[in-house]
Amino acid sequence: MEATAESNSWRDELASLVGDTGIRLNGDSIAGSAKPPSPSAEAADEEETAESLKDQIKGFAKAWGELAVELGRGCRDVVRQTILTDDSYIVKKTKRPLAEVSEKLRFLNEFLPEDRDPVHVWPVIFFVFIVALAVLSVNSKHENAISTVKKVSIHPPSGVRVLLPDGRYIAYHEIGVPADKARFSVIVPHVFLSSRFAGILGIKVSLLEEFGVRLIGYDLPGFGESDPHSNRSLDSSALDMSHLADSVGINGKFWVLGYSSGSLHAWAALKYIPDKIAGAAMLAPLVNPYDSSMTREEISSTWRNWTRRRRLLFYLARKFPKFLNYFYSRTFLSGKHGRIDKWLSLLLGKKDKDLIETSAFEKIWQRDVEESVRQNNPKPFIEEAMLQVSNWGFSLVDLQVQRKCPKKGIFPWLQFMYTQPECELTGYLGPIHIWQGMDDTVVPPSMTDYVGRVLPTANVHRLPEEGHFSYFSLCNECHREIFSTIFGSPQGMLYTVDNNNTVAKDDEAEETLFQTV
């Protein structure tokens, strides 16, 4: 009997350790009768497992909550013991003003329930008020952002196109006096994200008629309604301008006006077709920021005024131009309108910001952009960006007026024995006027300082407290001042055009400049 009790005891102990395995032991024999668990038992086990996991998550969250509460209490105690003591500097300075404010606002406690402590209630009310104000602010910003997004509209073709010798068409737009009554003809190559409609932004027709000016803007290759060019360069850009002048009936010379990045096409005209240019008016002219003739200080001052994103775009245009397609397709080629400073990564001053936020500027800018991206092709924009930072094929130093005399040698010496050696002037001999805003961060004044250094005959007009857009755009008095500087007193339009007399006057002015130099 004792042996049987002992046997049962160790079996019971083993069963308590192992659990019910489905094996039943009868006496000294072992018989395996493993029964599969029923579906109801499995479901119960899964439910117990799920409940245990759920309880663990609840316990974990509860523990974290308790830790957060204890941490808050600890921080509160630290603040009370260090900052909110009677001897602390903050309490000494704010105790009296806070007491006065609390005394004045004590009447608000009358609106609280009697069983509520104002010390606990008012912080809760203040916190809820701040949260509600933040939610309303976010919702209002979201609604404004949705309402102000405007899609780009493509208008029916409206440009007048002329055929170039290479078979391409170029579109142009002119305002002012007719060709047969024009006293002065001005051709304006547009800036990067623009079109033939830009011209002089906001210029009044009455002012053009007062000075007898015919203003012509044209679409660069691939922009607007102009055909793309398979091998663009500044040389080809100058030839396009020359062919356009011949096609629209400009007799004699014409003025070229370059603004911002459009100035590189004006510089090219002074280099490659100087005989057709009567003069140049440059407003915040862009030069190649990688030009080797710039000093280290000029380069540093230029790059320092640009945003990091704009520096990156210049670097990509010079090294990896194909990557520009990624940025352009998400800004002005996205099919939606946007701000000019955001799209082109510009850092603007207060005057420029106030101007671009006006409805008049926004209306002109959006219409200009819609025409510029008409072809929805990033290639012309990439080519234009590359032209700004690549090798131009010339330097502004080449436009400097210099005296070129015969070289020394036996033949020049023999020629000197019989005739006086003749020296000729090289470079661009016509007048160059430059207007530069001193608060301009798009084309910094350091670029104009460089131009003034390499072209000492250029007339530089520095404009204090003016930015990149503020002087040139939507300013009738500014436009009048520009015309008065380059054309003199207004004389109105011509009613009888004497081409020979006009050409003779141009030759006389050039001879006068030659003698002066």
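A contact is a pair of residues with heavy atoms within 4.5 Å of each other. The exercises below apply this and related terms to a predicted model.

**Exercise 1. The chain as a whole**

Task: Describe the make-up of the chain and state what share of its contacts between residues at least 6 apart in sequence join residues at least 24 apart.

Solution.
1. The chain holds 18 helices and 12 strands.
2. Of its 517 residues, 37% are buried.
3. Among contacts between residues at least 6 apart in sequence, 77% join residues at least 24 apart.
4. The exposed area of the chain is about 31,400 Å², and carbon and sulfur atoms supply 57% of that area.

**Exercise 2. The surroundings of strand 7**

Task: Determine whether the two faces of strand 7 are covered or open, and identify the strands with which strand 7 pairs.

Solution.
1. Strand 7 spans residues 254–259, and six of its six residues are buried.
2. In a regular strand the side chains alternate between the two faces of the sheet.
3. On one side of strand 7 lie Phe254, Val256 and Gly258, and on the other Trp255, Leu257 and Tyr259; these residues are all buried, so both faces are covered.
4. Strand 5 (residues 184–189) pairs with strand 7 in the parallel sense over two bridges. Here Ile187 has Val256 as its bridge partner.
5. Strand 8 (residues 277–283) also runs parallel to strand 7, and six bridges join the two. In this pairing, Gly258 has Met282 as its bridge partner.
6. Together with helix 7 (residues 263–272), strands 7 and 8 form a right-handed β-α-β unit.

**Exercise 3. Two positive phi angles**

Task: For Ser260 and Glu465, establish which is buried and which is exposed, and locate each residue in the chain.

Solution.
1. Most residues other than glycine have a negative phi, and most peptide bonds are trans.
2. Ser260, although not a glycine, has a positive phi of about 55°.
3. Ser260 belongs to the loop between strand 7 and helix 7. Its relative accessible area is 9%, and Ser260 is therefore buried.
4. Glu465 likewise has a positive phi, near 60°.
5. Glu465 sits in the loop between strand 12 (459–463) and helix 17 (476–487). With a relative accessible area of 60%, Glu465 is exposed.

**Exercise 4. Salt bridges and their setting**

Task: Examine three salt-bridged pairs, and classify each partner as buried, partly exposed or exposed.

Solution.
1. Side chains of opposite charge can pair when their charged atoms come close.
2. The whole structure contains 20 salt bridges.
3. Arg168 and Asp166 form one, with their closest N and O atoms 2.7 Å apart. Arg168 counts as buried because its relative accessibility is 9%, whereas Asp166, at 47%, counts as partly exposed.
4. Asp341 and Arg339 form another, at 2.9 Å from N to O. Asp341 is buried, at 8% relative accessible area, while Arg339 is partly exposed, at 36%.
5. Asp354 and Lys350 also meet at 2.9 Å, N to O. Both lie in helix 12, four residues apart, about one turn of the helix.
6. An α-helix has 3.6 residues a turn, so residues three or four places apart point the same way.
7. Asp354 counts as partly exposed, at 38% relative accessibility, and Lys350 is exposed, at 65% relative accessible area.
8. Salt bridges also link Arg196, Asp219, Glu225, Arg367, Glu371 and Arg374 in a network.

**Exercise 5. Loops, a patch and a packed helix**

Task: Place Leu347 and Ile83 in the chain, identify the neighbours of Leu347, and state which helices the buried residues of helix 8 pack against.

Solution.
1. Leu347 lies in the loop between helix 11 (340–343) and helix 12 (350–356). At 47% relative accessible area, Leu347 is partly exposed.
2. Not counting residues up to four places away in sequence, Leu347 touches Asn305, Thr307 and Thr441. Leu347 and Thr441 are 94 residues apart in sequence, yet 6.3 Å apart in space, C-alpha to C-alpha.
3. Ile83 lies in the loop between helix 2 (39–82) and helix 3 (89–104). Ile83 is partly exposed, with a relative accessible area of 35%.
4. With Val79, Leu84, Tyr89 and Ile90, Ile83 makes a nonpolar surface patch of about 480 Å².
5. In helix 8 (residues 296–304), Glu298, Ser301, Thr302 and Trp303 are buried. The buried residues of helix 8 pack against helix 9 (308–319) and helix 16 (445–454).

How values were computed. Residues are numbered from 1 along each chain as its sequence is written. This is a predicted model: local features need pLDDT of at least 70, side-chain atom pairs count only at pLDDT 80 or more; totals for chains, interfaces and linings use all residues. Side-chain values use heavy atoms; hydrogens and water are left out. Buried means under 20% relative accessible area, exposed over 50%, partly exposed in between (1.4 Å probe, protein chains only). Two strands pair if DSSP finds at least two bridges between them. A crossover is right-handed if, with the strands pointing away from the viewer, the path from the first strand over the helix to the second runs clockwise. Patches are made of residues with over 30% relative accessible area and no salt bridge: like charges are joined within 9 Å, nonpolar side chains (Val, Leu, Ile, Met, Phe, Trp, Tyr) within 5 Å. Accessible areas come from the Shrake-Rupley method with a 1.4 Å probe; for residues, only the protein chains shown count as cover. A salt bridge is a side-chain nitrogen of Lys or Arg within 4 Å of a carboxyl oxygen of Asp or Glu.
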